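User: I am new to this structure and would like to learn how to read it, one feature at a time. Could you take me through it slowly?

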Amino acid sequence: MTASLRLVDVSKTFVLHNQDGAVLRVLDRLSLEVEGGECVALVGPSGAGKSTVLRIACGNYAPDWGRVLVAAGGRATDIACAPPRAVLALRRQAIGHVSQFLRVIPRVPAIEVVAEAARLAGSSPDDAHARAGEMLDILRIPRRLWSLSPTTFSGGEQQRVNIARTMVVPFPILLLDEPTASLDAENRAVVVDLIRDACRRGAAVLGIFHDADVRAAVATREVACATLSRAA
Amino acid sequence: MTEAPLLRVRGLSHAYGSRIACSAVDVEVWPGEVLAIVGESGSGKSTLLNCISGRMRPGAGEVVYRAKDGREVDLWQASDAQRRLLARTELGMVHQNPRDGLRLGVSAGGNVGERLMAVGARNYGAIRATAAEWLARVEIDVGRIDDLPRTFSGGMQQRLQIARVLVSRPRLVFLDEPTGGLDVSVQARLLDLLRSLSRDLGLAAIIVTHDLAVARLLAHRICVMRGGEVVEDGLTDRVLDDPRHPYTQLLVSSVLPP
C-alpha cells in the first residue's frame, strides 16, 4: 500500500466556554485526498481553516466529526479516534509536520534537536547524528551553530532547523505549514528541492504555501478551504 | 508499541473527613511514557500522586503496578514489605521539597550511593564512580561529592535528589513539582535528562506540575484535574491546543503561551 492521507467529511467547531460560549465554525464536512507522490496546496483566505486542516491531520486538533485516514507502512489508521500512543507512533514514523514555529527544550543543541527526530524514527545514535549533520548542511545552517541551542537563532535559522528535523526522516506523509515563510530566496529554493524530492520518493504532501512562486514550484494540485459563516 | 500499561489506576477516591480530594480517578501510564497531571492547588493532584506512588492509602480504588518480572501487584493489597521493596527498586519519588527526599546529614555522594547499595551494589569504588557520574549528569560539580547537601543551594539539592532517585534505574518515577524552585537553565537541563531517559531507557514518569510549558515539553499525555476529578485527558498538545473542557480552556488561556 502506498502512503496516502484522506479526510472524509471533517467538521471542526471551537466552543469558547470562557467567552460566553462563542462558537467558531471552521470546517464543515471537508473531504480531501492526498496520494503518495502528490503535493496538494491548501488555498483560501486567512481564517479559512487551512492550518486547522493540517493540525487535524496530525492529531493536534480533534475534529467533531469525520474520519482522518492515514495510510502508511501497510496500515491505515483513523487518527481522529486513535489512542494517544498510536498518534505518537504515527508522528515518530509516518507523519512529519513542519509547524510555523520551532518548539524545543532550551539548551539542547541544534544537531541534537534534529538527530532526536531520526532516533525516534528508529535510527541508531550514530546514524541519526550523521543524517542530522547532512540535513543541517543541506539547509545551510553554519556548522559553528550546530552545537548551540536553536532558541538563540534568527527566525529564518529556526525555521530551517524545524524543516531539518522533519526532513531528516523520510516520512511517507508530510504536512507543511508555511515552510518557507521566513526564508530568503536561496533557502526557499533549497526547501522547494526538498519538497520535490519527497514527492519523487512517493511521499503524500499537504501544505500551505503563501508564496505563489513556491506554490507553483511544488504543488501538483490545489484544494480550496472556504470561509464559513462563523455563527453556528 | 508495548503490550500492557505499567501502572493502572481504577476508581481511586480519597477524602479528608468530608472534603473529597480525589473522586473515582482512572489513570494509566505505559512504559516509556511521561504523564503530566496538571491543575490548580487543591485540585487533588498531590493526593493522587501520594496514593498511586504507594505513600498514602486511598479510601477506595486499585493501583496495579506491573513489575519487572511481569507480575501485577495491587500496591494497596500488597504487604508493607512488598510495597517498600518496590519503592526501593522499581519506583522512585522526587519530592517537591528536596529536603524530604534527601538525607541531609549524609554527603552528596553518600545520598546517591545509598540508593545503589539498597539495590545490592557493594563495591565502594564502583559506587563512588557511579555517584560521581550522576552528579555530573545533573550538573553538580563532582568536587562537591563529599559535601553535605545542607551546604547546597535549593536548586542543587533538587538536582541531587533527582540523581539519588534515578541512579538505581527505576522503571517508574513520580515527580511532584520537581522544577518549581529551579532557575530556567537548570530546569531545561533536567527536562532534557528526563526526556532522554524516557526515550533511551523506557523510563516512565508521572509528573505533577502547574507549569504547562514543562508539561508540553516533557509529557506525552496530560491529565487535567479539578475538584478531585479528571476533567480532561489526552495527548499533551491536543489538550493544550484544542482544550474542550471549560476549566482546561481557562487554564490554558490564563498563562502566557506555553
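**Reading helices, sheets and a contact between chains**

Analyst: We can begin with a pair of helices in chain B, where H3(B) passes H5(B) in a right-handed crossing. Please keep in mind throughout that this is a predicted model.

User: At what angle do H3(B) and H5(B) pack, and how far apart are their axes?

Analyst: Helix H3 (residues 108-118) of chain B packs against H5(B) at an angle of about 25°, and the two axes are 7 Å apart. Angles under 35 degrees count as roughly parallel, and that makes H3(B) roughly parallel to H5(B).

User: Which residues make the contact between H3(B) and H5(B)?

Analyst: From H3(B) come B:Ala108, B:Asn111, B:Val112 and B:Arg115, while H5(B) supplies B:Leu160, B:Ala163 and B:Arg164. Sorted by character, the residues of this contact are four nonpolar, one polar and two charged.

User: How do the axes of H3(A) and H5(A) cross in chain A?

Analyst: In chain A, the axes of helix H3 (residues 110-120) and helix H5 (residues 155-167) come within 7 Å and cross at roughly 30°. That makes H3(A) roughly parallel to H5(A), and the crossing of H3(A) past H5(A) is right-handed. On the H3(A) side the contact involves A:Ala110, A:Val113, A:Val114 and A:Ala117, which meet A:Val161, A:Ala164 and A:Arg165 in H5(A). The residues of this contact divide into six nonpolar, no polar and one charged.

User: Where does A:Leu139 lie, in terms of the helices of chain A?

Analyst: A:Leu139 belongs to the loop between helix H4 (125-138) and H5 of chain A.

User: Is A:Leu139 buried or exposed?

Analyst: To judge burial, one counts the C-beta atoms around a residue, and 20 or more within 10 Å make it buried. A:Leu139 has 22 C-beta neighbours inside 10 Å and therefore counts as buried. If neighbours within four places in sequence are left aside, A:Leu139 is in contact with A:Arg160, A:Ile163, A:Ala164 and A:Val190. One of these, A:Ala164, also takes part in the meeting of H3(A) with H5(A).

User: What is the strand order in the open sheet of six strands in chain B?

Analyst: A sheet is read by following its strands from one neighbour to the next, and here the order is S6-S7-S8-S3-S9-S10, with mixed pairing. Strand S6 (91-94) and strand S10 (229-235) of chain B are the edge strands, each pairing on one side only. On average, neighbouring strands of this sheet are turned by 15° against each other, when direction is ignored. Within the sheet, strand S3 (residues 34-38) and strand S9 (residues 221-226) of chain B pair in the parallel sense over four bridges, and B:Val38 has B:Val224 in S9(B) as its bridge partner. Helix H5 (residues 154-166) of chain B lies across S6 and S7 of chain B, and runs at about 175° to S6(B).

User: And what is the order in the open sheet of four strands?

Analyst: That sheet of chain B has the order S2-S1-S4-S5, with antiparallel pairing, and its edge strands are strand S2 (19-29) and strand S5 (72-74) of chain B. Strand S1 (residues 7-16) and strand S4 (residues 60-66) of chain B pair over five bridges in the antiparallel sense, and the bridge partner of B:Val9 in S4(B) is B:Val63. H1(B) packs on this sheet, touching S1, S2 and S4 of chain B, and the direction of H1(B) makes about 125° with that of S1(B).

User: Why is H1(B) said to be largely enclosed by the rest of the structure?

Analyst: Seven of the eight residues of helix H1 (residues 45-52) of chain B are buried, so H1(B) is largely enclosed by the rest of the structure. Among the buried residues are B:Leu48, B:Leu49 and B:Ile52. H1(B) also lies across S3, strand S7 (172-176), strand S8 (204-208) and S9 of chain B, running at about 150° to S8(B). After H1(B) comes B:Gly54, whose phi is positive, near 80°.

User: Finally, how many residues of chain A and chain B are in contact?

Analyst: Here 17 residues of chain A are in contact with 22 residues of chain B. Helix H2 (residues 84-93) of chain A gives the most to the side of chain A that touches chain B, contributing five residues. The residues on that side of chain A divide into eleven nonpolar, four polar and two charged.

Definitions and conventions. Residues numbered from 1 in each chain as written. Chains lettered and ligands numbered in written order. Predicted model: local features only at pLDDT ≥ 70, side-chain atom pairs only at ≥ 80, totals over all residues. Contact = placed C-beta atoms within 7 Å. Helix = DSSP H or I, 4+ residues; strand = E, 2+ residues; numbered from the N terminus. Nonpolar A, V, L, I, M, F, W, Y, C, P; charged D, E, K, R; others polar. Buried ≥ 20, exposed ≤ 12 C-beta atoms within 10 Å, placed from the backbone. Pairing = 2+ DSSP bridges. Axes fitted to C-alpha atoms, helices over the stretch in contact; angles between N-to-C directions. Parallel < 35°, antiparallel > 145°, perpendicular 65-115°, else oblique. Left-handed = near helix turned anticlockwise from the far one by under 90°.
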